[in-house]
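Let us take a friendly walk through this model, from the overall layout down to a few single residues. Here it is.

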Amino acid sequence: MARAIALSLENVLSGRGGPFGAVVVKDGEIIAEGVNRVTANNDPTAHAEVTAIREACKKLGTFELTDCDIYTSCEPCPMCLGAIYWARPASLYYGNNAADAARAGFDDSFIYDEIARPLASRKIPMNRMMPEKAMEAFQAWDAKRDKVSY
């Protein structure tokens with residue numbers, strides 16, 4: 001946890017990004033680190049947890065981190081939480097909580113509010129198109145015998 005917190009502070013002081021750091025640990029060793037690079041990379045998905053997960057998966061040659069722990073300087077936002085669940089780590093540890101993040105100007109409550117709303121009531125219009133055509137990919141997936149489930 002100390003390294004994740006140090007990364008978050010270093011990221012702010014260096015001027016390279018926001019106050020977030022994360023590490024992925026396997027067998028007691030840090031195997032990947034990540035910091036917030038949203039503005040540096042012009043990438044809204046470049047949060048510390050996501051960058052650490054990407055690095056860890058690349059290093060381990062897998063899309064699951066079942067034997068790993070993630071340490072992050074702050075309670076994960078909804079996007080990072082989704083990525084963490086998809087990565088399937090053994091556990092997650094965090095420093096600051098969502099209320100602390102909101103006080104620092106990183107308030108994700110509107111996303112949780114949006115998720116709870118019906119599609120037609122969300123701020124970003126969500127319109128279904130071509131479902132029959134889109135279904136072809138799922139049908140091909142269902143028929144695929146050598147697929148890797150995830």
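What share of the 150 residues of the protein chain counts as buried? The figure is 29%. Please keep in mind along the way that this is a predicted model.

**Overall layout**

The protein chain holds seven helices and four strands. Read from the N terminus on, its elements follow the pattern α-β-β-α-α-β-α-β-α-α-α. The C-alpha trace spans about 50 × 40 × 25 Å along its principal axes. About 9,900 Å² of surface is accessible on the protein chain, and carbon and sulfur atoms hold 57% of that surface. If you like contact statistics, here is one: among the contacts with a separation of 6 or more, 45% join residues that are 24 or more positions apart.

**The sheet and the helix on it**

The four strands of the open sheet come in the order S2-S1-S3-S4, and their pairing is mixed. S2 (29-35) and S4 are the edge strands; each has a single partner strand, so one side of each is left without a neighbour in the sheet. On average, and with direction ignored, neighbouring strands in this sheet are turned by 15° against each other. Five bridges join S3 and S4, which run in the parallel sense. Thr72 has its bridge partner in S4, namely Tyr94.

Helix H1 packs on this sheet, where H1 touches S1 (21-26), S2 and S3. The direction of H1 makes about 150° with that of S1. One residue of H1 (residues 2-14) is Asn11. Is Asn11 buried or exposed? Its relative accessibility is 2%, so Asn11 counts as buried. Not counting residues up to four places away in sequence, Asn11 touches Arg16, Gly17, Gly18, Phe20, Val35 and Asn36.

**Cores**

The largest nonpolar core consists of 17 residues, and Val24, Ile31, Ile53, Ala56 and Leu65 are those with the most contacts inside it. At least two residues of this core come from each of S1, S2, H3, S3 and H4. H3 supplies the largest share, five residues. Which residues does Ile53 contact, once its neighbours within four places in sequence are left aside? They are Val24, Leu65, Ile70, Ala83, Ile84 and Ala87. There is also a second, separate core of six residues, among them Ala4, Leu7, Val23 and Val25.

Helix H4 (residues 78-87) deserves a look of its own. Its residues Pro78, Cys80, Ile84 and Ala87 are buried. The cover over the buried residues of H4 includes H3, S3, S4 and helix H6 (109-116). After H4 comes Arg88, with a positive phi near 60°.

**Aromatic pairs**

How many aromatic pairs does a search of the whole structure find? The search finds four. Two of them are set side by side here.

| Pair | Centre to centre | Angle of planes | Type |
|---|---|---|---|
| Phe63 and Tyr150 | 6.1 Å | 75° | edge-to-face |
| Tyr71 and Tyr93 | 4.7 Å | 15° | stacked |

Why is the pair of Phe63 and Tyr150 edge-to-face? Their planes stand at 75°, and planes over 60 degrees apart count as edge-to-face. Phe63 sits in the loop between helix H3 (48-60) and strand S3 (68-74), while Tyr150 belongs to the segment after helix H7 (131-143), so the pair ties together parts that are 87 residues apart in sequence. Phe63 has a relative accessibility of 40% and counts as partly exposed. Tyr150, at 63%, counts as exposed. Together with Trp141, Phe63 and Tyr150 form one aromatic cluster.

The pair of Tyr71 and Tyr93 is stacked. Tyr71 lies in strand S3 and Tyr93 in strand S4 (residues 91-96), so this pair links distant parts of the chain, 22 residues apart. Which of the labels buried, partly exposed and exposed fits Tyr71? With a relative accessible area of 18%, Tyr71 is buried, because buried means under 20%. Tyr93 has a relative accessible area of 38% and is partly exposed.

Notes
Residues numbered from 1 in each chain as written. Predicted model: local features only at pLDDT ≥ 70, side-chain atom pairs only at ≥ 80, totals over all residues. Heavy atoms only, no water. Phe/Tyr/Trp six-rings, centres within 6.5 Å; stacked < 30°, edge-to-face > 60°. Buried < 20%, exposed > 50% of the residue type's maximum accessible area, 1.4 Å probe, protein only. Contact = heavy atoms within 4.5 Å. Pairing = 2+ DSSP bridges. Axes fitted to C-alpha atoms, helices over the stretch in contact; angles between N-to-C directions. Areas by Shrake-Rupley, 256 points an atom, 1.4 Å probe, with all protein chains shown as cover. Core = buried A, V, L, I, M, F, W, Y, C linked by side-chain atoms within 4.5 Å.
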